[in-house]
Amino acid sequence: MLSTEQFEALDRDGFLVLPGLVPADRLQQLRERIEELFEHEGENAGSEFKKETGARRLANCVDKGDVFEWAVRMPEVLEAKAHILGEEFKLSSLNVRSTNPMSEADQPLHVDMNAIADERGYWVANTIFMLDDFTPDNGATRVVPGSHRWGQRPQEQMADPFAAHPEQILVTGKAGTVVICNAHTWHGGTANRTGGHRRAMHAFYCRADKPQQQYQKRLLRAETQARLTPELRKLLALDDPLNDAISAEVALTSGFLK
Ligand SMILES: O=C(O)CCC(=O)C(=O)O
């Protein structure tokens, strides 16, 4: 499904922008369900993972409606993940991050899970679903192209990872765009200087031998686990003893700059 040129761009830049991948009806269903969840969860929203000043967050989204299930098994996304991580990978978490109107601060540049590629290669890969247009003013994600190849973390190389990096670019696009991200690439959300929310959903994957950010087997209710297809059970590593051994302890402890 992805072309040779797209794979080359992903390898070179560490991210790939795929416009128009989410159909309008899916986009609408997602936005509606997400707003329902923010309303319903109130102060607890995001608490399975973390809360963040300046942004609304939801975590553990596979457990929160079947509208989320298709997102974690989109063929284009899975193909790109296999390219980055190798054939053996799993979902690490499915979260929503919505930058508040007039939020003042950029996130620091970071790599997800603080991950550095090891002797087997890359082990984290993220996906940003733009649920609203990402514009230069509303908190679009900043990315430093090629930084996944440096084998370094921003907080060790920059005096101030909150500051602008000379090589950073803003990833803008229309709602429905999907950004595939090698999550070793330095990136972060930016300040939202508009009066509207900027909503994104993050489908985050990791290599099979690494811990999940959110241990799906513990977080998903029994009724959710019972309805998942074998394909999804495998993708979430629900029947994987190795995952049980490595994910239970670190679950819920990892965030950027930790
Ligand atoms: O929402 C974004 O633009 C990026 C968020 C991100 O990188 C994070 O929360 O780790």
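**Exercise 1. Work out what share of the chain is buried, and how its overall size fits its length.**

Start with burial: of the 258 residues in the chain, 43% are buried. Keep in mind that this is a predicted model. Next, take the fold inventory, which comes to 9 helices and 9 strands. Now for size: the radius of gyration is 17 Å, close to the 18 Å from the globule rule for 258 residues, so the chain is as compact as a globular protein of that length. Along the principal axes, the C-alpha atoms fill a box of roughly 45 × 45 × 35 Å. Finally, look at the contacts: of those between residues at least 6 apart in sequence, 86% join residues at least 24 apart.

**Exercise 2. Find out how confident the predictor is, and where pLDDT stays under 50.**

The average first: pLDDT comes out at 95 over the chain, and 97% of the residues score at least 70. Then go to residues 252-258, where pLDDT stays under 50. For that stretch the model has 13 contacts beyond four places in sequence.

**Exercise 3. Locate Met 113 and Ala 237, check the sign of phi in each, and decide whether they are buried or exposed.**

A reminder before you start: most residues other than glycine have a negative phi. Met 113 isn't a glycine, yet its phi is positive, at about 60 degrees. You'll find Met 113 in the loop between β3 (89-99) and β4 (124-130). Its C-beta has 24 neighbours inside 10 Å, and the cut-off is 20 or more, so Met 113 counts as buried.

Same drill for Ala 237: its phi is positive too, near 60 degrees. This residue belongs to the loop between α8 (230-235) and α9 (241-250). With 23 other C-beta atoms within 10 Å, Ala 237 is buried.

**Exercise 4. Check the span of helix α2 against the expected value, then see what follows the helix.**

Count residues 24-41 and you get 18. From first C-alpha to last, α2 reaches 26 Å, close to the 26 Å expected at 1.5 Å a residue. After α2 comes Gly 42, with a positive phi near 50 degrees.

**Exercise 5. Work out the strand order of the open sheet of 3 strands, and say which strands stand at its edges.**

The order is β6-β5-β8, and the pairing is antiparallel. β6 (169-171) and β8 (187-188) each have a single partner strand, so one side of each is left without a neighbour in the sheet; these are the edges. Zoom in on β5 (residues 141-143): 2 bridges join this strand to β8. There, Arg 142 stands opposite Gly 188 in β8.

Methods: Residues numbered from 1 in each chain as written. Predicted model: local features only at pLDDT ≥ 70, side-chain atom pairs only at ≥ 80, totals over all residues. Helix = DSSP H or I, 4+ residues; strand = E, 2+ residues; numbered from the N terminus. Rg over C-alpha atoms; globule rule 2.2 N^0.38 Å. Buried ≥ 20, exposed ≤ 12 C-beta atoms within 10 Å, placed from the backbone. Contact = placed C-beta atoms within 7 Å. pLDDT = per-residue confidence, 0-100. Expected span 1.5 Å × (residues − 1). Pairing = 2+ DSSP bridges.
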